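Good morning, and thank you for joining. Please look at the structure on the screen, and I shall then take its parts in turn.

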Amino acid sequence: MRTLIRNVAAATVDDDLGDLTRTDILIEDGVIREIRPDISVADAEIVDGRDKIAIPGMVDTHRHTWQTALRGILADGNIPDYLRGIRLHMAPLYRAQDMYAGNYVGALDALNSGITTIVDYCHNILDPDGAHAAVTGLRDAGIRALYGHGLTPITTNTWSQSRGGSEAGSDPAALATRARLAREIRDQYFASDDQLLRFGIAPQELAIAPVADVAAEFRLARELGARVTMHANQVMVRQLFQDVEVLHAHDLLADDLLLVHCTFNTPREWELLKDSGVTVSVCAETEMQMGMGYPAISEATAFTPGPTLGIDCVSGNGGDMVSHSRLVLQASRYRADEPEYAEMRAPQQMSWTTKDALRWATLNGARAAGVDHLVGSLTPGKRADIVLVDMSGISQVGWNRADPTGAVISQAHAGCIDTVFVDGRVVKRGGTLSHVDLSAATATLERSHEYLYERMGGAGSFIPQPPIDIPLYRERA
């Protein structure tokens with residue numbers, strides 16, 4: 001059970017090891033045993049690392065994996081389009097097999113792109129069969145994941161209502177049925193932490209649910225030992241809910257909480273997050289496309305353990321984390337330079353580096369998912385979630401061997417991902433996923449895609465007309 005990666009450059013994201021221009025990496029029983037040049041071992045499978053850069057498996061801290069069969073349908077959509085088309089129209093049409101297909105193929109897409117861990121924000125649990133199917137899809141894909149079990153009652157509490165932010169009108173007993181299912185899923189699939197899948201809870205959003213309901217769901221999650229993840233302060237409308245203020249007032253901020261977006265946090269809310277241990281997922285492509293504000297890298301760096309990155313909605317954008325990291329890096333650099341532009345001065349200092357970007361996509365994300373003791377850096381003793389990036393292509397040849405991190409972030413993309421290890425097991429080799437039947441996986445998703453489009457009535461009816469009323473956006477729709 002030994003694998004030796006020979007003569008590879010490495011961007012380790014380990015503060016002691018740093019970047020290595022040439023090294024060997026020994027994997028034994030799923031663990032990184034050694035990282036140094038010229039390791040000599042017997043009975044090991046040899047992987048040639050020439051012209052490749054080893055990086056930690058990337059971590060996507062926010063993905064609605066269930067939406068994979070609707071890839072790109074929201075390419076020109078904003079938040080009201082998403083709510084009307086995805087959350088209110090398409091989500092209730094999903095069968096268990098659609099949840100399975102989305103999570104299975106979506107997780108394979110992540111692995112194919114060098115993402116070895118995802119936080120699956122599964123907020124479309126219509127019935128028990130759908131929940132079981134979603135978890136099974138992740139399990140069958142062989143990815144490391146925090147499964148975020150959604151507690152929103154999809155057909156009874158929707159964005160077409162206006163109960164969000166209220167202190168009254170909650171019915172705590174309504175949680176009982178959903179709590180039973182959450183316990184059932186946890187007990188059946190998540191009996192141990194010594195496995196790739198871990199259990200999390202995605203409570204209802206404060207924009208649509210009474211505060212008391214959300215607080216009860218937090219209590220359930222913590223009773224079950226589940227990490228918590230939820231959207232926060234991502235909508236700018238005439239009501240500003242100040243989600244972080246509400247969570248703080250109800251004593252819900254803690255280091256087991258991963259908030260998503262936080263693009264419209266107030267300055268006081270950022271201060272409230274300081275020293276709380278709460279982490280934040282920045283989903284720049286979705287945020288900048290859908291009218292959800294500017295990616296909050298600077299604020300998350302100053303007030304949290306460090307920003308993380310999420311792909312978010314593949315119904316709107318693609319799943320290439322390397323390219324996403326580069327976009328977030330350049331957007332953050334631009335924002336840092338804006339004060340200079342305002343004074344008609346040329347910026348002369350680089351505020352953010354490629355090492356920052358790789359850390360956002362790896363070690364910071366592992367911390368947010370609760371697995372940084374296992375993965376997130378190429379560190380001896382950690383589990384072997386390793387990605388080999390092929391830099392021999394015509395668009396990469398000539399890369400700067402003195403700076404492996406800079407080479408990956410500035411020059412590579414998902415198409416360069418050659419080899420992927422998860423827990424020491426090869427799941428992609430020579431640029432092709434090797435642990436599953438790819439034609440069968442493709443057919444599984446195609447069947448779901450065809451069914452959903454048939455139920456939709458064709459691409460032209462993705463957003464039913466006249467548009468469904470959304471109280472939050474009534475003055476802006």
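I begin with C313, which counts as buried, since its relative accessibility is 2%. Please bear in mind throughout that this is a predicted model. What, then, is the disulfide status of C313? C313 takes part in no disulfide, and the nearest cysteine sulfur, belonging to C283, lies 8.1 Å away. That agrees with a search of the whole structure, which returns zero disulfides. Another cysteine, C416, also counts as buried, at 4% relative accessibility.

Let me turn to the open sheet. Eight strands form it, in the order β6-β7-β8-β9-β10-β11-β12-β13, and their pairing is parallel. Which strands stand at the edges? They are β6, residues 58–63, and β13, residues 308–309; each has a single partner strand, so one side of each is left without a neighbour in the sheet. As a general point, the strands of a sheet pair through backbone hydrogen bonds, either parallel or antiparallel. At the β13 edge, the partner is β12, residues 279–282, and the two pair in the parallel sense over two bridges. One residue pair to look for here is V282 with its bridge partner L309 in β13.

Antiparallel pairing appears elsewhere, around β14. Strand β14 spans residues 386–390, and four of its five residues are buried, so β14 is largely enclosed by the rest of the structure. Strand β5, residues 52–56, runs antiparallel to β14 and is joined to it by five bridges. Within that pairing, I53 has V389 of β14 as its bridge partner. Strand β15, residues 417–422, is also antiparallel to β14, with four bridges joining the two. There, L388 stands opposite T419 of β15.

A residue of β15's range leads us to the N-terminal strand β1, residues 2–11, where T3 lies. T3 is buried, its relative accessible area being 8%. Leaving aside neighbours within four places in sequence, the contacts of T3 are I25, L26, I27, A44, E45, V47 and F421.

Next, the helices, and α13 in particular. How do α10 and α13 cross? The axes of α10, residues 321–342, and α13 come within 7 Å and cross at roughly 95°. The two helices are therefore roughly perpendicular to each other. On the α10 side, V322, S325, R326 and L329 meet V408, I409, S410 and Q411 of α13. By class, this contact comprises four nonpolar, three polar and one charged residues.

Helix α13, residues 404–411, also meets α11, residues 354–361; their axes come within 9 Å and cross at roughly 75°. This pair, too, is therefore roughly perpendicular. The contact brings T354, K355, A357 and L358 of α11 to T405, G406 and I409 of α13. Its residues divide into three nonpolar, three polar and one charged. Please note I409, which is listed in the contact with α10 and in the contact with α11.

Finally, I draw your attention to M292, in the loop between α8, residues 284–290, and α9, residues 297–303. Is M292 buried or exposed? At 2% relative accessibility, M292 counts as buried. Not counting residues up to four places away in sequence, M292 touches I79, Q234, H261, T263, F264, T286 and E287. As a distance for orientation, the C-alpha atoms of M292 and G114 are separated by 27 Å, and these residues are 178 apart along the chain.

That concludes the presentation, and I welcome your questions.

Conventions:
Residues are numbered from 1 along each chain as its sequence is written. This is a predicted model: local features need pLDDT of at least 70, side-chain atom pairs count only at pLDDT 80 or more; totals for chains, interfaces and linings use all residues. Side-chain values use heavy atoms; hydrogens and water are left out. Two strands pair if DSSP finds at least two bridges between them. Axes are lines fitted to C-alpha atoms, for helices over the stretch in contact, and angles run from 0 to 180 degrees between N-to-C directions. Angles under 35 degrees count as roughly parallel, over 145 as roughly antiparallel, 65 to 115 as roughly perpendicular and the rest as oblique. Contact means heavy atoms within 4.5 Å. Ala, Val, Leu, Ile, Met, Phe, Trp, Tyr, Cys and Pro count as nonpolar, Asp, Glu, Lys and Arg as charged, and the others, Gly among them, as polar. Buried means under 20% relative accessible area, exposed over 50%, partly exposed in between (1.4 Å probe, protein chains only). A disulfide is a pair of cysteine sulfur atoms within 2.5 Å.
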